[in-house]
Structures are given as C-alpha cells and as structure tokens.
Amino acid sequence: TSPYHCPAFSVPDYSINSILYQRGLYPPETFKKETAYGLAMLKTTDDALAGYLSNVLDQLKSWLENGTVQKLVLVVCGGDSGETLERWVFDLQTDKSTIGADGKADKSEKEVRTEIQAILRQITASVSFLPLLDEPCTFDLLVYTDDDVLVPRAWEESDPKMITDSDEVKLLSFTTKVHKVDAAVSYKAD
C-alpha cells in the first residue's frame, strides 16, 4: 500500500458540511452527494456558504501545513436566543518535527481512510442523541492558532462561545505521521 498524503486537510471540509446538513442548519436540497473516503458525502451547493467555507478552509489548510493551528470549533447558536447550543471541537495536534518533510503518513491509505470514515459516521450517528434544535440556528467557525500567527484582516477575535451546563460526547480520533485529530461535541444539557 502507498502512503497517504495529509488527510487532515479534508476532515474539516466534510465534517463541517456533514454537521450543517445533519443538524438542519441549511435545507437538505442545498447539498449534493459526492464520494470521499469510500463514503457518500454531502457538500453544499449554496454559493454563499461554499464561498465562506472555501475561504476559511483555504486559510486553515495553510495553517495546518505550517503546524500553527491548534483547534477548529463549529459553534451552533440559536438564531432567536443567540445562545450557544452546540460546540463541535476538532483538536489538531501537529508533530512540528515533520513539517517540511515528505508529509506522508506512516499508515496505509486504507488505515487512515477507515479512521476518517469512522469519525464522519460518528458525526452522523451523534444526531440521534443530540437535543432537537427547536429554533432557527446560525453557525460560526472558530480557529485557534499559535499566538504569533498572522491573521487575515477580515477575521476577528471571538469569545469561545462556551456552553454552561453542557454534556459532551467524544468522537473517535485519528492520526497520521503529521497530525492527530481529536473530536468531541458539547451540547446544552436539558
């Protein structure tokens, strides 16, 4: 089997699209199916959303390549209440000693694909135990970086949008030679 090149780059894209679809933040007809990692995945067809995600994910990819991003958080807030209802956290740990190396994993493509499939399946399965979102919702993406990272002008600092009285479910993690991704979702407890 051949080595697999930095699959951590694709996880945020498909994970975010999956969460937005599964949690009903955008209408189902604004997503199309495409195959990735041996799974039928959904990607948005909404031009404004696709443009926003592309902008954020292109910057995130650059920071991942340099090993300067620590965490990506997708926050779901109530549109009426403004209250944080869910925090989908993807902790990204980078082995900086490998930056500039070949960037290839010490696992086979099949092993890494299996781990990515598992995390994406868990996102889908988690919807069954999350509370219903009973108001229109918005989302925000928070990116935690090293302190010395140059941030684009259009970006702004944000509070962490924590949830008081939350429950948390850990999702599976996966590792390559370069990155380790741990995922969890926190949600407002009843």
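What follows is a tutorial chat about reading the features of a predicted model.

Me: Let's start wide. How many helices and strands are there in the protein chain?

Reply: The model is predicted, so keep that in mind throughout. The protein chain has 3 helices and 9 strands. Along the sequence they come in the pattern β-α-β-β-α-β-β-β-α-β-β-β.

Me: And what share of the protein chain counts as buried?

Reply: Of its 190 residues, 45% count as buried. The accessible surface is about 10,100 Å², and carbon and sulfur atoms own 47% of that. You can also look at how contacts spread over the sequence: take those between residues at least 6 apart, and 71% of them join residues at least 24 apart.

Me: Next, the sheet. What is the strand order in the open sheet of 5 strands?

Reply: Read a sheet from one edge to the other. Here the order is E7-E4-E5-E9-E8, and the pairing is antiparallel. Strands E7 (137–145) and E8 (166–175) sit at the edges, each pairing on one side only. Ignoring direction, neighbouring strands in this sheet are turned by 15 degrees against each other on average.

Me: How many bridges pair E4 with E7?

Reply: Strand E4, residues 69–78, pairs with E7 over 9 bridges in the antiparallel sense. If you want one pair to click on, Cys77 has Thr138 in E7 as its bridge partner. As a general idea for strands, side chains in a regular one alternate between the two faces of the sheet.

Me: Which strands does helix H2 lie across?

Reply: Helix H2 (residues 47–66) lies across E4, strand E5 (84–94), E7 and strand E9 (179–188). With E7, H2 makes an angle of about 15 degrees.

Me: What span should the 20 residues of H2 have at 1.5 Å a residue?

Reply: They should span 28 Å, because the expected value is 1.5 Å times one less than the number of residues. The end C-alpha atoms of H2 are 29 Å apart, which agrees.

Me: Which residues of H2 are buried?

Reply: They are Leu49, Leu53, Val56, Leu57, Gln59, Leu60, Trp63 and Leu64. Look down the helix axis and these buried residues fall within an arc of 165 degrees, so they line one face of H2. Asp47 and Asp58, on the other side of H2, are exposed.

Me: Let's do the hairpin of E2 and E3. How many residues lie between the strands?

Reply: There are 2 residues between the strands, and Tyr37 in this hairpin takes a positive phi near 55 degrees. Strand E3 (residues 39–44) runs antiparallel to E2, and 6 bridges join them. For examples of bridge partners in E3, Phe31 has Thr44 and Glu34 has Met41.

Me: Is E3 largely enclosed or open?

Reply: Count the buried residues: 5 of the 6 in E3 are buried, so the strand is largely enclosed by the rest of the structure.

Me: Which residues does Tyr21 touch, leaving aside its neighbours within four places in sequence?

Reply: Tyr21, in helix H1, is in contact with Pro28, Phe31 and Leu42 once those neighbours are set aside. Tyr21 and Phe31 are 10 residues apart in sequence, with 7.5 Å from C-alpha to C-alpha. Tyr21 counts as partly exposed because its relative accessibility is 29%, between the 20% and 50% cut-offs.

Me: Is Arg23 buried or exposed?

Reply: Arg23 counts as buried because its relative accessibility is 9%, under the 20% cut-off. You'll find Arg23 in the loop between helix H1 (10–22) and strand E2 (31–36). Leaving aside neighbours within four places in sequence, its contacts are Glu86, Trp88, Val127, Leu130, Pro131 and Leu133. For a long-range pair, try Arg23 and Thr124: they are 101 residues apart in sequence and 9.3 Å apart in space, C-alpha to C-alpha.

Me: Last one, on backbone angles. What phi does Lys161 have?

Reply: Lys161 has a positive phi of about 55 degrees, although it is not a glycine. Lys161 is in the loop between E7 and E8. Asp165, in the loop between E7 and E8, likewise has a positive phi of about 55 degrees without being a glycine. Asp165 is exposed, with a relative accessible area of 63%.

Methods: Residues are numbered from 1 along each chain as its sequence is written. This is a predicted model: local features need pLDDT of at least 70, side-chain atom pairs count only at pLDDT 80 or more; totals for chains, interfaces and linings use all residues. Side-chain values use heavy atoms; hydrogens and water are left out. Two strands pair if DSSP finds at least two bridges between them. Helices (H or I, at least four residues) and strands (E, at least two) are DSSP runs, numbered from the N terminus. Axes are lines fitted to C-alpha atoms, for helices over the stretch in contact, and angles run from 0 to 180 degrees between N-to-C directions. Contact means heavy atoms within 4.5 Å. Buried means under 20% relative accessible area, exposed over 50%, partly exposed in between (1.4 Å probe, protein chains only). Accessible areas come from the Shrake-Rupley method with a 1.4 Å probe; for residues, only the protein chains shown count as cover. The arc is that of the directions from the helix axis to the C-beta atoms.
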